[in-house]
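Trainee: Please take a close look at the side-chain contacts in this protein, both charged and aromatic, and explain how each assignment is reached.

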Amino acid sequence: MARARRLKRPAPLARIRACAYAPDMTAPAHDRLLIIDFGSQVTQLIARRLRELNVYCEIHPFNRVDDAFLDAFAPKAVILSGGPASVIDEGSPRPPERVFSLGVPVLGICYGQQAMMQMLGGRVERGQGTAEFGRAYVERRGALDLLDGWFEAGREQVWMSHGDHVAEIAPGFEVYGASPNAPFAIVADPARRFYAVQFHPEVHHTPMGGRLYANFVRLAGFTGDWTMAAYREQAVEAIRAQVGEERVLCGLSGGVDSSVAAVLIHEAIGDRLTCVFVDTGLMREGEAEQVVSMFRDHYNIPLIHADEGPRFLSALKGVTDPETKRKTIGRLFIDVFDHHAKAAGGARFLAQGTLYPDVIESVSFSGGPSVTIKSHHNVGGLPEKMDMKLVEPLRELFKDEVRALGRELGLPESFVGRHPFPGPGLAIRCPGEVTEEKLAILRRADAVFIDQVRRHGLYDEIWQAFVALLPVRTVGVMGDGRTYDYACALRAVTSVDGMTADYYPFSHDFLGETATRIINEVTGINRVTYDITSKPPGTIEWE
Ligand code: XMP
């Protein structure tokens, strides 16, 4: 599918290590499905659909999948993703031929369909008036196990995104569905269990596409063994096997990922886990207290609470440039963490809450380095400096799976469902210089906004909601007096993974009520705005 240039997050060290393109053989033994990625923007959605079906899958870029890889991975089924290239062009990507002699079901999607057809003896042409982008309707032609429970009314809405099209199908295949511009929208060779579709069943705009994946994994014999309860048991065993009798150190950020990782590791090795919570003084209202009380009192996990607010604030004095802010915080964080870690003594392992989307490397066709939009802060730089090995028990999970695991481990709902919070904290929600006074105002306003969102039952619909305190004072009138106070911006977005986002469509009543509450309850703010920028072109955070 056509795609815009991907804006990749800069890779923390752990991510580079994780992308060493061996199949993850440390992963517990599940039935495994391999997704070969040709660079589609929506490949991750294929994995999401499959994980929802309790099927374990991994995405690997086409140029890293060779025969040896296939043998080591031993997939029970293979999916070939979409992608921006044209199979007609010389040197365009292909899966290894061996994919088709493994004896397992193969599903080709969009570019994957075209590559499959061409490799198996069909023909693909460049679109002459047959390109299709967007909604289309496919008519069913004949019965096919892959389409069970679908096409009940004869035709279904799908989402197309193709310039080239299949002009001649490969020997052994039959047509099972067609749209006006895609006569080979669904083709299959049921005897060999090879299936190929021109459209994208993984996207929201193919409303019944989930059926196709459910049928595909059923035909492949998956038993749906990927559940969080099973994962918990296996992960605990894997942590014990990796760590042996050694000690583990875990940096807690207050976020869901590091918290779930800590509780899981604690279940595996008990008090040989020590957590370090670096309180940068840039946390939200009540956050530090919540983290400390949950880990110390509720879980009884040894916790070092490094109260370092003054140190961070003095390092940030006079700093206004967003990148300098991020780098200052990142550097200081590492120093502080390192200091307390040494004091904790003797840990040879460092735990990180790395998630699967951080491990998947996107396919780059430009070959050039990606643009650094923001220097993300996390503890990825620590292991090299501290000479520790990594324990990453969440690196096969998506965010919502981490939440499910957190629930499985008994973490309170109020904690598990929390919105993401960036490592540099409120500093990057306070454009301009960060001061104690501004942080106090921002904390209060943020608490009121989140309270509003919760009261209206919207918290779980929103990926992230917060307030940014703007570096501008405006004139207002309250009672009979003039005010000259800060303006703030409310930000609330929906998103699947934080890579793209849409602003949340609050009602005007909600916005009006929230503005009134903030101005009444927060001294120092006399004007409230709502940020309606999507990402791209904006980013979620303001800096
Ligand atoms: P942006 O602002 O880049 O944010 O659209 C995307 C998502 O990432 C979070 N974010 C961070 N998370 N360290 C983190 O751990 C960081 O330095 C950082 N910067 C942004 C942001 O809150 C959003 O969820």
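Mentor: A residue is called buried when its relative accessible area is under 20%, exposed when it is over 50%, and partly exposed in between. Please keep in mind that this is a predicted model.

The salt bridge between R311 and E308 shows how these limits are applied. Nitrogen and oxygen of the two side chains are 3.6 Å apart. R311 has a relative accessible area of 39%, and is therefore partly exposed. Its partner E308 has 12%, so E308 is buried.

This bridge belongs to a wider set, since a search of the whole structure finds 30 salt bridges. Another of them joins E267 to R232, with the closest N and O atoms 2.8 Å apart. This pair links distant parts of the chain: E267 lies in helix α7 (residues 256-269) and R232 in helix α6 (residues 228-243), 35 residues apart. E267 counts as partly exposed, because its relative accessibility is 33%.

The pair D451 and R455 has another setting. Their side chains meet in a salt bridge of 3.0 Å, N to O. Both residues belong to helix α15 (residues 436-455), and because they are 4 residues apart there, about one helical turn separates them. D451, with a relative accessible area of 28%, is partly exposed, while R455, at 59%, counts as exposed. Salt bridges with shared partners extend this pair into one network of D451, R455, R517 and E521.

That network leads to the packing of two helices. α15 packs with helix α16 (residues 508-521) at an angle of about 145°, and their axes are 10 Å apart. The crossing of α15 and α16 is right-handed. On the α15 side, the contact involves R444, A445, V448, F449, D451, Q452, V453 and R455; on the α16 side, F510, E513, T514, R517, I518 and E521. The four members of the salt-bridge network, D451, R455, R517 and E521, are thus among the residues in this contact.

I now turn to the aromatic contacts. The structure holds 17 aromatic pairs. One of them is F38 with F62: the ring centres are 5.7 Å apart and the planes lie at 15°, so the pair is stacked. It links distant parts of the chain, 24 residues apart: F38 is in the loop between β1 (32-37) and α2 (43-52), and F62 is in the loop between β2 (56-61) and α3 (67-73). F38 counts as buried because its relative accessibility is 1%, and F62 counts as buried at 17%.

A further stacked pair is formed by F506 and F510, at 4.2 Å centre to centre and with 15° between the planes. F506 is buried at 8% relative accessibility, and F510 is buried at 3%. Both rings belong to one aromatic cluster together with F449, Y503, Y504 and Y530. Two cluster members, F449 and F510, also appear in the contact between α15 and α16.

Charged groups and aromatic rings also meet directly. The charged end of R51 sits over the ring of Y356, 5.3 Å from its centre. In the same manner, the charged end of R473 is placed over the ring of Y486, 4.4 Å from the centre of that ring.

How values were computed. Residues are numbered from 1 along each chain as its sequence is written. This is a predicted model: local features need pLDDT of at least 70, side-chain atom pairs count only at pLDDT 80 or more; totals for chains, interfaces and linings use all residues. Side-chain values use heavy atoms; hydrogens and water are left out. Rings of Phe, Tyr and Trp (its six-membered ring) pair if their centres lie within 6.5 Å; planes under 30 degrees apart count as stacked, over 60 as edge-to-face and the rest as tilted. Buried means under 20% relative accessible area, exposed over 50%, partly exposed in between (1.4 Å probe, protein chains only). A charge sits over a ring if NZ of Lys or CZ of Arg is within 6 Å of the ring centre and within 35 degrees of the ring normal. Axes are lines fitted to C-alpha atoms, for helices over the stretch in contact, and angles run from 0 to 180 degrees between N-to-C directions. A crossing is left-handed if the near helix is turned anticlockwise from the far one by less than a right angle, and right-handed if clockwise. Contact means heavy atoms within 4.5 Å.
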